[in-house]
Amino acid sequence: MAPPLDLGPLARPVRRSLNGEHPGEVGTMLPPLIDHHVHLMIIGPDALRDTAIAGVVDLGGPLDTISAYARRSGVPRVAFAGSFLTAPGGYPVGRSWAAPGSAREIAADAGDGRAALPSSVETAVSEQLAFGASVIKVALNSATGPVFDRATLETIVASAHAHGLPVVAHVEGEGMSRLAIDAGVDAFAHTPFTERLDDALVASAVAAGQRWISTLFVAGYGEPTPATAIAVDNLARFRAAGGRVLYGTDLGNGEQPLGVNPAELELLVDAGLAASELIASITEVWPAAVATDRHGIATFVPGPPPVSVDDVPRWLATARVVAVEDLEPYAGRPASDRAASDQPGTAPEQPGTAPEPPGTAPEPPGTAPEQIRTDHLEPQ
Ligand SMILES: [Zn+2]
């Protein structure tokens with residue numbers, strides 16, 4: 001008998017309240033699920049309502065549009081970067097998917113000594129902050145256009161940090177990961193997918209406390225492309241060295257299910273993440289503004305817990321957002337013990353009060369993931 005799968009400290013066996021819609025349904029409670037990389041300017045503000053995603057981090061769009069979305073009530077909660085900060089003419093200027101105002105071009109400081117005036121960098125960072133951004137996004141895509149020099153990038157990082165904001169970078173093209181790591185960038189919007197990072201560089205990213213947002217699926221849209229292989233290899237070594245991985249999909253980029261994308265999670269399994277690490281990656285509150293704990297919501301995953309890490313992606317894809325008060329501790333055996341102690345060949349334990357066996361009758365509406373299709377097939 002295989003040992004029970006360790007889902008980590010965040011997972012708790014629960015059943016749904018006897019007063020609610022699905023009385024007695026047994027499952028697992030998790031913190032709210034967060035997609036750490038989406039683009040609401042493409043998918044719209046309501047695309048993730050009624051999915052399992054309770055928080056999103058919007059990593060690029062017009063400030064006025066995205067900040068208005070973020071002020072709306074309900075779930076998912078929205079934290080955002082605002083505009084892509086980029087070099088003049090740099091990515092994503094001119095991209096069809098980038099709504100006007102998505103990119104904020106910043107010229108290198110002239111170095112004319114007028115230090116009493118706010119620099120162009122300080123002005124741009126302050127603009128994002130004034131609209132409520134909680135992370136600053138920089139685009140470093142040398143494959144398609146000009147990028148910041150090291151000094152300008154360091155100034156952006158320093159300015160963001162002075163305001164308490166982390167910096168997340170889109171890195172694409174030779175040397176861009178190294179530039180970002182050396183300049184103190186806090187996170188990558190995508191696992192680097194255009195070049196293999198050597199182990200020393202990966203180690204320096206880990207030592208700097210970087211977080212990497214996964215977006216492995218959009219490296220190949222489900223096909224095993226060279227970019228997917230590069231990204232999975234980079235992420236595997238980053239994770240093995242102790243790096244912090246955040247689940248993110250770049251939703252709005254290509255065709256992906258609305259909600260949890262099991263294919264993204266499957267690629268994280270390929271990169272070596274254990275079940276508890278998968279759960280940590282999709283529940284970590286980063287940046288702080290995406291916190292949903294004040295809103296009284298949790299994640300409920302119906303049915304018995306998975307017994308293999310390979311089952312975790314499909315299991316998580318059946319999750320839903322529920323009110324915390326709809327859940328109560330399950331007094332039966334802990335979910336983590338059940339797999340080990342069940343008799344071979346018997347069904348998972350069913351509480352006597354449950355009107356339906358756990359896991360056999362998922363809610364009919366919304367269980368088939370809707371797909372969202374866009375023409376924007378490029379990591380953004
Ligand atoms: Zn993106």
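Here's a quick tour of the fold, the core and a few individual residues.

The model is a predicted one. Its chain has 380 residues, of which 49% are buried, and the secondary structure adds up to eleven helices and 17 strands. Long-range contacts count for a lot here: of the contacts with a separation of 6 or more, 71% link residues 24 or more positions apart.

**The seven-stranded sheet**

- One open sheet has seven strands, paired in parallel and running in the order β7-β6-β8-β9-β10-β11-β12.
- At its edges sit β7 (103–105) and β12 (244–246), and each of them pairs on one side only.
- Strands β8 (residues 136–141) and β9 (residues 167–172) run parallel and are joined by six bridges.
- If you want a landmark in that pairing, take L140, whose bridge partner in β9 is V171.
- Helix α4 (residues 150–162) packs on this sheet, where it touches β6 (84–86), β8 and β9. The direction of α4 makes about 165° with that of β8.

**The five-stranded sheet**

- There's also an open sheet of five strands, this one with antiparallel pairing, in the order β15-β14-β2-β1-β16.
- Its edges are β15 (320–323) and β16 (327–329); each has a single partner strand, so one side of each lacks a neighbour in the sheet.
- Going from one strand to the next, the twist averages 50°.
- Strand β1 (residues 12–16) runs antiparallel to β16, with three bridges between them. In that pair, R16 has L327 as its bridge partner in β16.
- On to β2: four bridges join β1 to β2, again antiparallel, and R12 is partnered with M29 of β2.
- Strand β2 is also joined to β14 (residues 297–302) by four bridges, and the two run antiparallel. Here L30 stands opposite T299 in β14.
- Strand β2 (residues 26–30) is mostly covered, with five of its five residues buried.

**The main nonpolar core**

- The largest nonpolar core takes in 110 residues, and I136, V138, L140, I156 and A169 have the most contacts inside it.
- Helix α7 (residues 226–240) is the top contributor to this core, giving five residues.
- Both domain 1 (1–32 + 292–371) and domain 2 (33–109 + 118–291) supply residues to the core, so it lies between them.
- What does A169 touch, leaving aside its neighbours within four places in sequence? The contacts of A169 are V138, L140, A180, V185, F188 and A189.

**Helix α3 and its buried face**

- In α3 (residues 120–130), the residues V121, A124, V125 and Q128 are buried.
- These buried residues span an arc of only 95° around the axis, which puts them on the same side of α3.
- Why would such a spacing give one face? An α-helix has 3.6 residues a turn, so residues three or four places apart point the same way.
- The buried residues of α3 pack against α2 (63–71), β6, β7, β8 and α4.
- Just after α3 comes G132, which takes a positive phi of about 105°.

**Two residues worth a look: G89 and A275**

- You'll find G89 in the loop between β6 and β7.
- Is G89 buried or exposed? G89 has 12 other C-beta atoms within 10 Å, and because the cut-off for exposed is 12 or fewer, G89 counts as exposed.
- Residues G89 and G145 are 56 residues apart in sequence, but their C-alpha atoms are 6.7 Å apart in space.
- Setting aside residues up to four places away in sequence, G89 touches G145 and P146.
- A275 lies in helix α9 (residues 275–283).
- With 23 C-beta neighbours inside 10 Å, A275 counts as buried, because the cut-off for that is 20 or more.
- A275 and S308 are 33 residues apart along the sequence and 8.1 Å apart in space, C-alpha to C-alpha.
- A275 touches L5, D6, L7, P306, V309 and V312, again not counting residues up to four places away in sequence.

Notes:
Residues are numbered from 1 along each chain as its sequence is written. This is a predicted model: local features need pLDDT of at least 70, side-chain atom pairs count only at pLDDT 80 or more; totals for chains, interfaces and linings use all residues. A nonpolar core is a set of buried Ala, Val, Leu, Ile, Met, Phe, Trp, Tyr and Cys residues joined through C-beta atoms within 7 Å. Domain bounds come from an automatic or database domain assignment. Two residues are in contact if their C-beta atoms, placed from the backbone, lie within 7 Å. Two strands pair if DSSP finds at least two bridges between them. Axes are lines fitted to C-alpha atoms, for helices over the stretch in contact, and angles run from 0 to 180 degrees between N-to-C directions. The arc is that of the directions from the helix axis to the C-beta atoms.
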